[in-house]
Amino acid sequence: MFDRYEAGEQAVLVHIEFSDESSKEDLDELQMLVSSAGVNAVDVITGSRQAPHPKYFVGSGKAEEIANAVRANEADVVIFNHPLSPSQERNLEALCKCRVLDRTGLILDIFAQRARTHEGKLQVELAQLKHISTRLIRGWTHLERQKGGIGLRGPGETQLETDRRLLRVRIKSILRRLEKVQKQREQGRRARKRAEMPTVSLVGYTNAGKSTLFNTITDAGVYAADQLFATLDPTLRKIQVQDVGPTILADTVGFIRHLPHDLVAAFKATLQETQEADLLLHVVDHADEQYMDNIDQVNAVLAEIGADEIPQLMVCNKIDRLEGVEPKIDRDDEGTPTRVWISAQQGQGIDLLFNALTDCLSKSIVEYTLRIPPKEGKLRGELFRLNCIASESYTEDGDWLVEVRMPVADWHRLEKRSDTDLSSLVVTH
């Protein structure tokens, strides 16, 4: 469908340093991404700029340097560690005579390789189509203009318009299917809420060791590898937590700095497991020198998807690569666990992690009696939707006396959404 150069195995990498902190990327991470995609980096072009050039992203001299490197190394693809506009991508392809990929395109390519389930493949295709839709100008260049004359008049739309229409139809079809998947997940979540089964979701930077920890705890046999984005499809397993009972553990897709918005949107169904969790296990690769920056990036994505209010327990992983660090639990002044130091691969500290889960989850349920006046019927309806009402009675004044029992994360979300000050309605704790 597209007039594109075939992507090959040999790649020239381009990394530009900007003075603006928000535009900075990590060259080591680009090399890991390229390695994860199964591409061989034959040359790395670096440089620095105050701001991207509108035509080539880099200056014209640097663009020529990239083109020369492509010819010298007989490279098949140029990969930028930055987002490129469609016009920049086209201009660079014309100059280098090979395929040009930006950071988003590379991540999408890795996702396409990793997706295993039907849902995962749909989500990746949706993200790819949204990305491609802005780059359609290269498609079918020989048919871009309507031809005139007898026998040559077209159906009234250019090939470009036809492509856009077909893309829109396909995107709508995928969204409908994903909506169905979302409803099925929602039913599962409601059933778990009815059974008062708490959900713990693993989150963290890509390659932090989430799937290895998931396999260690559950014996699930989920694919785990020392590469970026080894996991795309959410996997749920039931575990037993002392004093809490059956608990759902969810393994989710890893985050990365400047995660493309199309991906966040496409993986809405997957990320909902994170949004609806009672507790987040934030897995951190403590052997990575940039672990503090990675923590900030994960928290930024959690804020973007509306999961920043959910209680977190930090899991400091890969302590087997650190000298003199033993498995332990760090607690705050109230004795609540804040960090657990473990090695998922070696199985060190897993018992301590379960102890911390017991402490966190047993505290993560709130029980209140609320006095709700008739004008707050909407709030009562919301409580029924959350399936958290233990009993209900009426006062002489016609108010509802409602006993609620729900995860503290749901209570905080309700406080955030509600127009009413919920604490003013609480009668007893």
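**Figure 1. The whole chain, with 13 helices and 15 strands.** Helices here are DSSP runs of H or I with at least four residues, strands are runs of E with at least two, and both are numbered from the N terminus. This is a predicted model, in which local features need pLDDT of at least 70 and side-chain atom pairs count only at pLDDT 80 or more, while totals for chains, interfaces and linings use all residues. Residues are numbered from 1 along each chain as its sequence is written, and side-chain values use heavy atoms, with hydrogens and water left out. Of the 429 residues, 49% count as buried; that means under 20% relative accessible area, with exposed being over 50% and partly exposed in between (1.4 Å probe, protein chains only). The chain exposes about 20900 Å², and 47% of that comes from carbon and sulfur atoms; areas are from the Shrake-Rupley method with a 1.4 Å probe, and for residues only the protein chains shown count as cover. Take the contacts (heavy atoms within 4.5 Å) with a separation of 6 or more: 70% of them link residues 24 or more positions apart.

**Figure 2. Phe18, Phe57 and Phe80 form one aromatic cluster.** Rings of Phe, Tyr and Trp (its six-membered ring) pair if their centres lie within 6.5 Å; planes under 30 degrees apart are stacked, over 60 edge-to-face, and the rest tilted. That rule gives two aromatic pairs. Phe18 and Phe57 have ring centres 5.7 Å apart and planes at 85 degrees, so they meet edge-to-face. Phe18 belongs to strand 1 (residues 10–18) and Phe57 to the loop between strand 2 (40–49) and helix 2 (60–73), so this pair ties together parts 39 residues apart in sequence. Phe57 also pairs edge-to-face with Phe80, at 6.0 Å centre to centre and 85 degrees between the planes. Phe80 sits in strand 3 (residues 77–80), so its pairing with the Phe57 loop bridges 23 residues of sequence. Phe18 and Phe57 are buried, and Phe80 is buried too.

**Figure 3. Positive phi at Phe57 and Lys318.** Most residues other than glycine have a negative phi. Phe57, though, has phi near 75 degrees, and its relative accessible area is 5%. For Lys318, phi is near 65 degrees. Lys318 lies in the loop between strand 9 (312–317) and strand 10 (328–331), and its 10% relative accessibility makes it buried.

**Figure 4. Lys328 over the ring of Trp341.** The charged end of Lys328 is 5.2 Å from the centre of the Trp341 ring. To count as sitting over a ring, NZ of Lys or CZ of Arg must be within 6 Å of the ring centre and within 35 degrees of the ring normal.

**Figure 5. Helix 5, residues 118–132.** With 15 residues at 1.5 Å a residue, helix 5 should span 21 Å, and its end C-alpha atoms are indeed 21 Å apart. (The expected span is 1.5 Å times one less than the number of residues.) Its buried residues are Glu119, Gly120, Leu122, Gln123, Val124, Leu126, Ala127, Leu129 and His131.

**Figure 6. Stretches with pLDDT under 50.** pLDDT is the predictor's confidence in each residue, from 0 to 100. The chain averages 78, and 81% of the residues score at least 70. Residues 1–7 stay under 50, and the model gives them 20 contacts beyond four places in sequence. Over residues 138–150 the pLDDT is also below 50, with 21 contacts beyond near neighbours in sequence.
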